[in-house]
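Me: I am new to reading protein structures, and I would like to learn how to look at one. Could you go through it with me, feature by feature?

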Amino acid sequence: MTIAKNRVATIHYVLKNDAGEVLEDSHDGDPMEYLHGLEELVTGLEKALEGRKAGDTFSVTVPPAEGFGDYDEDLVESVPLDEFDSEEPVTAGMEFSFEDDEGEIHNVVVKAIEGDEALVDENHPLAGQTLHYAVEVLSVREATAEEIEHGHVHDAHGHHHDHD
Ligand code: ZN
């Protein structure tokens, strides 16, 4: 069976950046199981997985446009420190989620503190990076009707996890 829309694939992968540093390695834990065709994975990786079958191994280089997007300077902005809901002093490297006036959730990381403002960055940590994946396909199966309806994978024990 090949990987296609509404099938569940289980894969192991190693993700490296241009410098050859390992950013993620699924071998550190359980392999990743995902429902294909719903853009659960970055576009470039899903495209490369389409049509593969159990036992296939391959490498794919994914440019930022098909990965986590280009780095957008407009997503870096200054926020007054007194707007942070934090018990501790705000310092560089801290991550925050906040909801805007339209109810949209924004995840940001603090890049620097400048006076009484924090410079925050809403870009994905891997934005602007070329991604190098080495992938091994372990198994492919049809998704259940319930998984397709929910738009995500349920585990082998029929365990029903929390939903968003
Ligand atoms: Zn579900």
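Me: How many salt bridges does a search of the whole structure find?

Reply: The search finds five salt bridges. Keep in mind that this is a predicted model. To read such a pair, look for a side-chain nitrogen of Lys or Arg within 4 Å of a carboxyl oxygen of Asp or Glu. Lys47 and Glu66 make a good case, with their closest N and O atoms 2.5 Å apart.

Me: Which parts does the pair of Lys47 and Glu66 tie together?

Reply: Lys47 belongs to helix α1 (residues 43–49), while Glu66 sits in the loop between β4 (57–62) and β5 (76–80), so the pair ties together parts that are 19 residues apart in sequence.

Me: And how do I read whether Lys47 and Glu66 are buried or exposed?

Reply: Look at the relative accessible area: under 20% means buried, over 50% means exposed, and values in between mean partly exposed. Lys47 has 51%, so this residue is exposed. Glu66 has 25% and is therefore partly exposed.

Me: Let me try another pair. What is the distance between the closest N and O atoms of Lys53 and Asp56?

Reply: For that salt bridge the distance is 3.4 Å. You can apply the burial reading here too: Lys53, at 43% relative accessibility, counts as partly exposed, whereas Asp56, at 18%, counts as buried.

Me: Which residues are linked in a network of salt bridges?

Reply: When salt bridges share residues, read them together. Here the network links Glu33, Arg141 and Glu147. Within it, the closest N and O atoms of Glu147 and Arg141 are 3.0 Å apart. Glu147 counts as buried at 2% relative accessibility, and Arg141 counts as partly exposed at 29%.

Me: Now the surface. Which residues gather in a patch of negative charge?

Reply: For a patch, look for like charges that gather on the surface. In this structure they are Asp82, Glu83, Glu114, Asp116 and Glu117. Take Glu117 as a sample: this residue is found in strand β8 (residues 117–121) and is partly exposed, with a relative accessible area of 31%.

Me: How many positive and negative charges does the protein chain have, and how far apart are their mean positions?

Reply: There are 8 positive and 42 negative charges, and their mean positions lie 18 Å apart.

Me: What pattern does the protein chain follow along the sequence?

Reply: Start by listing helices and strands in order. The chain has two helices and nine strands, and they run β-β-β-α-β-β-β-β-β-β-α. One of the helices is α2 (residues 145–150), which holds Ala145. Ala145 is exposed, at 64% relative accessible area.

Me: How far apart are Ala145 and Asn6, in sequence and in space?

Reply: This is a nice lesson in comparing two kinds of distance. Along the sequence they are 139 residues apart, yet from C-alpha to C-alpha the separation is 9.2 Å. You can ask about sequence separation for the chain as a whole too: among contacts between residues at least 6 apart in sequence, 60% join residues at least 24 apart.

Me: To finish, what box do the C-alpha atoms fill, and what share of the residues count as buried?

Reply: Along the principal axes, the box is roughly 60 × 40 × 25 Å. Of the 164 residues, 31% count as buried. The chain exposes about 10200 Å², with carbon and sulfur atoms supplying 45% of that area.

Key:
Residues are numbered from 1 along each chain as its sequence is written. This is a predicted model: local features need pLDDT of at least 70, side-chain atom pairs count only at pLDDT 80 or more; totals for chains, interfaces and linings use all residues. Side-chain values use heavy atoms; hydrogens and water are left out. Patches are made of residues with over 30% relative accessible area and no salt bridge: like charges are joined within 9 Å, nonpolar side chains (Val, Leu, Ile, Met, Phe, Trp, Tyr) within 5 Å. Accessible areas come from the Shrake-Rupley method with a 1.4 Å probe; for residues, only the protein chains shown count as cover. Lys and Arg count as positive and Asp and Glu as negative; His and the chain ends are not counted. The place of a charge is taken as NZ of Lys, CZ of Arg, CG of Asp or CD of Glu. Helices (H or I, at least four residues) and strands (E, at least two) are DSSP runs, numbered from the N terminus. Buried means under 20% relative accessible area, exposed over 50%, partly exposed in between (1.4 Å probe, protein chains only). Contact means heavy atoms within 4.5 Å.
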